[in-house]
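Trainee: Could you take me closely through the sheet and the helices that lie on it?

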Amino acid sequence: MISINAETFDFSTTLGNAFFNTPIFTASGCASSGKELAQFFPLRDIGAVVTKSVMNKPRHGRPTPRMAETPSGMLNSIGLQGPGIDAFLAKDVPWLVEEKARVVVSIAGETVEEYATLARKVRSVPGISALEVNISCPNVENRGLVFACDPEASRRVIDGVRRIIGGDLPIIAKLSPDVTDLASIAAGVIDSGADALALINTVLGMVINVDTMRPHLGGKTGGLSGPAIRPVAVRAIYQVHQALPHVPILGMGGVSSGRDAFELILAGASGVSVGTASFGNPHALIDIQNQLREILIAKGFPSLKSAIGYAHRSES
Ligand code: RRO
């Protein structure tokens, strides 16, 4: 019998044709382009940096306050603040490549055409491993622009991006859990050319300040993240993996330990993003990655891949 140890264990993962040495990624929006985290650990030691969703033009975002603490979680209402794609591609991506980080660029648009424009710009930049197409930002002015809540609009965005990107760069569609039938939206975007899915974006929520008796957030509603949403993420990943077992899933939602990451892998995730946990512990990604490796080895898995979706197997 071969004994599995840290040297022989295969921790690698893939999303479409993109290969990653390790499975723990940043969550889009929680580490900007990685500069703040780089003072705590080398970015090349994690699976990839998933950058904050960027739009075509620079954007100020929503009015303040933009954050609220909630039981076992937090709400954000950033509203896609960012430098715009041109500055981002000129400065942030070359810096990440210099750091030898694997880079997943996340894009967000207000129209199908804006996504296509963003894809055209990203296509020509070297050093990018995959493209996350965020069609589920909860903090847009008009809820009609949450493409991922509308099966037809989701398909149109992914179809438009796929036509521009061609066959090389894997497309990861980021979906919202705030829908009735997530598996059918997932099937639609895969059918339209996505290679993988990012599950889940934050859950739409709201806090009212009972002293002022008004909504706390400047944007009124916000995206709920942190441990409070982990069961929602596990459910979403489990349901989608059950419906589409061959589609890779980048899982996220309230992961703050190796055990939490393991839970998402068992549900069907091929990789796990860590977001909110990094705010309290900037070393969380590395801690979680090390804990996950130890758990997988202790459970007797020869590789990360052999654990993906394990919870779906019938007892033998
Ligand atoms: O910028 C944001 O407010 C934001 C985005 Br793009 C997203 O996808 N999810 C989220 O919780 N906030």
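Mentor: Helix H5 (residues 230-243) lies across strand E10 and strand E15 (249-252), where helices (H or I, at least four residues) and strands (E, at least two) are DSSP runs numbered from the N terminus, and H5 runs at about 165° to E15; such angles, from 0 to 180 degrees, are taken between the N-to-C directions of lines fitted to C-alpha atoms, for helices over the stretch in contact. This is a predicted model, in which local features need pLDDT of at least 70, side-chain atom pairs count only at pLDDT 80 or more, and totals for chains, interfaces and linings use all residues. Residues are numbered from 1 along each chain as its sequence is written, and side-chain values use heavy atoms, with hydrogens and water left out.

Beneath the topic of H5 comes the sheet itself: eight strands, paired in the parallel sense, form an open sheet in the order E3-E16-E15-E10-E9-E8-E7-E4, two strands being paired if DSSP finds at least two bridges between them. Strand E3 (24-26) and strand E4 (49-50) stand at the edges, and because each has a single partner strand, one side of each is left without a neighbour in the sheet. Elsewhere in that order, strand E7 (residues 103-107) and strand E8 (residues 130-134) pair in the parallel sense over four bridges, and Ser106 has Glu132 in E8 as its bridge partner. Helix H4 (residues 182-191) also packs on the sheet, touching strand E9 (171-174) and strand E10 (196-199), with contact meaning heavy atoms within 4.5 Å, and the direction of H4 makes about 145° with that of E10. Strand E10 is thus touched by H4, and H5 lies across E10 as well.
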